[in-house]
Amino acid sequence: MSASVRLAVDVMGGDFGPRCIIPSVARCLEQDSRLNVVLVGSPEPMTSLCASHQLPADRVSFIHTSEIIHADDAPASVLRGKRDSSMRVAIELVRDGRADGCLSAGNTGALMVLAKALLGTVEGIQRPAIMAALPVAGKFCHVLDLGANVDCTARQLFEFAVMGSEAVAELTGIEQPRVGLLNIGSEINKGSLRVREVSELLRDSPSLNYIGHVEGNELFQDRADVVVCDGFVGNVMLKASEGLVDYMQGEMRRAFADNLLLRLLSPVLRRSLRPMAERLNPHQYNGVSLLGLQGVVVKSHGNAGQPAFEAAIRQAVRACQSDMPQRIAARLARCRGDLL
């Protein structure tokens, strides 16, 4: 059995806060005997919710804090103030070796700024990046960055490719994940100057399995295992994809409601379509890793309900067991040797 994991959870983050997070933690503790949790947040309502869910006393501890980082707090301001915020204290537990990883559904910008300042980055990595998996043809396509870095240099995008390749190799068992660069065309001379520059760096690195440019429609055609882009493009692409899934599900519900024959057949059709709906449900893929840090930090979607936050906890446990910072540092050293 894998070693136990001690996870620091920011209880005050996200749209629903403790009333969603505490039940999710309780459920995951029931399912995974390896999991131990440090709950970080305001005494109330955390204490009363924990009592009602009867969390195991030998696997749960509490750190009470007096401040909360809100969604509209400027990331730079949280470095100077709110030193007793639940998010900051949870990251400090990782820094001090009192937790294996941190999970928060709070302000993404604040989480990134605090994590980088308190934990530091892996040697050779300029900026951390957010990576998540998209369900593609029964497999996954991992995309980064998804919002942490709006503007990126070619060197930073190259580092994202290295981090993504190593992370996906660990998560999937694929020895040489296919790495693609998101672009407006497949031709080598297409795209901005920055995209062409990073493409050249990737082509010159035999340690990476670089397959070239990937267009937006090819994200869902199993062309690559890792796709690299800047955070502005990645975040727009992710939210557009989630919106499309919601739109298609709404259209299907309207089709059932408007057609008598489909309403009569709906029990059979719903059973047949349920596996597809589950594969496309973005909530079951909740929990994105901040790659490149000297410690494990996982970000949950801010509007995550209980099933989605449970998925984020499971993702955080996997990240804690992966020894990812050391693996990324070793892979980056090899890739830089290729460029010399």
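## A pairing between two strands

V136 has K139 as its bridge partner, and K139 belongs to strand 6. This pairing appears in a predicted model, and it is part of a wider arrangement. Strand 6 covers residues 139-144, and six bridges connect strand 6 with strand 5 in an antiparallel manner.

Strand 5 also pairs with strand 10, which comprises residues 288-291. Here three bridges hold the two strands together, and their direction is again antiparallel. One of the residues involved is M131, whose bridge partner in strand 10 is S289.

## The setting of strand 5

Strand 5 extends over residues 129-136. Because six of its eight residues are buried, strand 5 is largely enclosed by the rest of the structure. In a regular strand, the side chains alternate between the two faces of the sheet.

## A buried residue in helix 6

Helix 6 spans residues 154-172, and A154 lies within this helix. The relative accessibility of A154 is 4%, so the residue counts as buried; the cut-off for that class is under 20%.

Which residues does A154 touch, when those up to four places away in sequence are not counted? The contacts of A154 are R194, E197, V198 and L201. In the same part of the chain, A154 can be compared with S199: their C-alpha atoms are separated by 8.5 Å, although the two residues are 45 residues apart along the chain.

## The protein as a whole

The secondary structure of the protein consists of eleven helices and eleven strands. The C-alpha trace spans about 60 × 60 × 40 Å along its principal axes. Why does the radius of gyration of the protein agree with that of a compact globule? A compact globule of 340 residues would have a radius of gyration near 20 Å, and the protein has 21 Å, which agrees.

Contacts between residues distant in sequence can also be described for the protein. Among contacts with a separation of 6 or more, 71% are made by residues 24 or more positions apart.

## Surface and charge

Of the 340 residues, 50% count as buried. The protein exposes about 15700 Å², and carbon and sulfur atoms supply 53% of this area.

The protein carries 36 positive and 37 negative charges. The mean position of the positive charges and that of the negative charges are 3 Å apart.

Definitions and conventions
Residues are numbered from 1 along each chain as its sequence is written. This is a predicted model: local features need pLDDT of at least 70, side-chain atom pairs count only at pLDDT 80 or more; totals for chains, interfaces and linings use all residues. Side-chain values use heavy atoms; hydrogens and water are left out. Helices (H or I, at least four residues) and strands (E, at least two) are DSSP runs, numbered from the N terminus. The radius of gyration is taken over C-alpha atoms; the globule rule is 2.2 Å times the number of residues to the power 0.38. Buried means under 20% relative accessible area, exposed over 50%, partly exposed in between (1.4 Å probe, protein chains only). Contact means heavy atoms within 4.5 Å. Accessible areas come from the Shrake-Rupley method with a 1.4 Å probe; for residues, only the protein chains shown count as cover. Lys and Arg count as positive and Asp and Glu as negative; His and the chain ends are not counted. The place of a charge is taken as NZ of Lys, CZ of Arg, CG of Asp or CD of Glu. Two strands pair if DSSP finds at least two bridges between them.
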